Amino acid sequence: MSDPTSSELPNTAGAGPLSYAIFQLARTHRAQAAGMLRAMNLHPGQELLLMQLFDHDGRTQAELLERAGLDHSTVSKSLRRMQEAGLLTREPASHDRRVMVVHLTDAGRALQEPIADMWRTLEEISVRDLTPDQVQSFTTCARIIEKTVRDLSRRPPRE
């Protein structure tokens, strides 16, 4: 396997070295997280929904969709799987039967510390060879890039 810090890019990615680096980082980071989540019988993205419920149990499915930054089909499928696994319940809201309210079960709440440990471990792995200043700088840049890309994707298409 080649050195991941190598500056060698595929020719086609030559005009987008930052974008290629982001893609490679996201893919590698997600794979590491996925392995850790499998040990908890979770799929990637499910921990993001659970973390929102740890902070505020009883969110609506629409709130989870917006807060977790996942698409509708992913959230629906994830919630269904987690309900089948006994981690949460979904029930219609009293004020509007079309709105689904999501609550953690005891089994779901029991995952809070293992998920926090997983994120702590993933962070330790990720920053192992970085200085605190590099971590801060990267985090700032990543948030700026994310906002720029997100804002662009929310604009109506040009005609």
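**Note on helix 4 and the three-stranded sheet**

1. In this predicted model, the residues of helix 4 that count as buried, at under 20% relative accessible area, are Val-75, Ser-78, Leu-79 and Met-82. Because these residues cover an arc of only 100° around the axis, they lie on the same side of helix 4. An α-helix has 3.6 residues a turn, so residues three or four places apart point the same way.

2. As to what this buried set meets, its residues pack against helix 2, helix 3 (61–68), strand 2 and strand 3. Helix 4 itself, which spans residues 72–84, lies across strand 2 and strand 3 and runs at about 115° to strand 2.

3. The length of helix 4 agrees with expectation, in that its 13 residues reach 18 Å from the first C-alpha to the last, close to the 18 Å expected at 1.5 Å a residue. Just after helix 4, Gly-86 adopts a positive phi of about 80°.

4. The sheet is open and consists of three strands in the order 1-3-2, with antiparallel pairing. Its edge strands, each pairing on one side only, are strand 1 (59–60) and strand 2 (88–92). Strand 3, residues 100–104, pairs with strand 1 in the antiparallel sense over two bridges, and Thr-60 has Val-101 in strand 3 as its bridge partner.

5. Helix 2 (residues 46–55) also packs on the sheet, where it touches strand 1, strand 2 and strand 3, and its direction makes about 85° with that of strand 3.

Notes. Residues are numbered from 1 along each chain as its sequence is written. This is a predicted model: local features need pLDDT of at least 70, side-chain atom pairs count only at pLDDT 80 or more; totals for chains, interfaces and linings use all residues. Side-chain values use heavy atoms; hydrogens and water are left out. Two strands pair if DSSP finds at least two bridges between them. Helices (H or I, at least four residues) and strands (E, at least two) are DSSP runs, numbered from the N terminus. Contact means heavy atoms within 4.5 Å. Axes are lines fitted to C-alpha atoms, for helices over the stretch in contact, and angles run from 0 to 180 degrees between N-to-C directions. The expected span of a helix is 1.5 Å times one less than its number of residues. Buried means under 20% relative accessible area, exposed over 50%, partly exposed in between (1.4 Å probe, protein chains only). The arc is that of the directions from the helix axis to the C-beta atoms.
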